[in-house]
Amino acid sequence: MQQAAPAKEEFDFAAMAADLNSLLRLKTTVIGMKMFASVEDMTAIPKIRRPSAVHTTDQIVSMASRLGWTVGITADDLVGAQCRAVIGLAQQDEKWLAGEAYVGVWHGTTEDARKRQEALDVVAFGQYQALAVSPLSSGRLNPPDICLVYATPGQMIILINGLQYTGYRKFEWGVVGETACADSWGRALKTGEPSLSLPCFAERRYGGVPDEEMSMALSPAHLAKAIAGMKQLAKNGLRYPIAPYGIQADVRAGMGASYAKK
């Protein structure tokens, strides 16, 4: 007897965004990102905007996270092979892997440039023709492939604690340096795993990411798990903002509030 296909998991994205803002007091809009096999599928998204100039992917992402826009792009809208290749819209060929443009800029030798290129997590070329970003609460990318959360380190550790509340695992993330989008949306789109990054020079210069923010890319299912975990942590008194206790105070009263019943 043929088994029925598992039911598709559905999420209330407006409620998820509201929960995140309540739990973490985020100042930057949580967004979704979705890859499309055809340009026609991307342009069919309601109220989607198309660029009228050439941009970096960082700028496109920030049009959603900073301005609240829904934006769709193809390879032709992006400035070069680096942005295109991370999201699978350009070949990761020998010329790209050599990274010659970065020698004497970000790296001292051709060997260093190649090592960085080889270290990047990227979406395989040939699967997709377009990408769209949109505020998560809009529900226009239903569902997005991944969600992007920009947060301060204090907010981010609470988010990670939420992910670890049940089904604990140790997270290990890398830092490629420049092209850090490969650490966040590149890795998450490629692997489906929660992916933390320190936004790089380009993300901050062109994408307007402020100094104090980090970024986390994760699937809707992982985000829902993190929210459920953070709600339980909040009930336990472990919530954001994390109020400083005082470096000279007797710590027993503070610790007692969390661990007195243990």
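Which residues does V61 touch, not counting residues up to four places away in sequence? In this predicted model, the contacts of V61 are I31, M33, V133, L148, Y150 and W185, with residues up to four places away in sequence left out of the count.

V61 belongs to the largest nonpolar core, which has 34 residues. Together with M33, I87, V133 and W185, V61 is one of the residues that touch the most other members of this core. Several helices and strands each supply at least two residues: the strands are β1 (31–36), β2 (71–73), β3 (130–135) and β4 (146–151), and the helices are α3 (57–65), α4 (81–86) and α8 (185–191). The largest share, four residues, is that of α3. Apart from this core lies another, made up of 27 residues. Among the residues of this other core are L23, M156, M216 and L223. In soluble globular proteins, nonpolar side chains tend to be buried together.

The cysteines were also examined. The structure contains zero disulfides. A disulfide requires two cysteine sulfur atoms within 2.5 Å. For C83, the closest cysteine sulfur is that of C181, and C83 cannot be counted as bonded because the distance of 6.2 Å is too far for a bond. For C181, the closest cysteine sulfur is in C200, and at 6.2 Å this pair is likewise too far apart for a bond. C83 is buried, its relative accessible area being 14%. C181 is buried too, with a relative accessible area of 8%.

Definitions and conventions
Residues numbered from 1 in each chain as written. Predicted model: local features only at pLDDT ≥ 70, side-chain atom pairs only at ≥ 80, totals over all residues. Heavy atoms only, no water. Core = buried A, V, L, I, M, F, W, Y, C linked by side-chain atoms within 4.5 Å. Buried < 20%, exposed > 50% of the residue type's maximum accessible area, 1.4 Å probe, protein only. Contact = heavy atoms within 4.5 Å.
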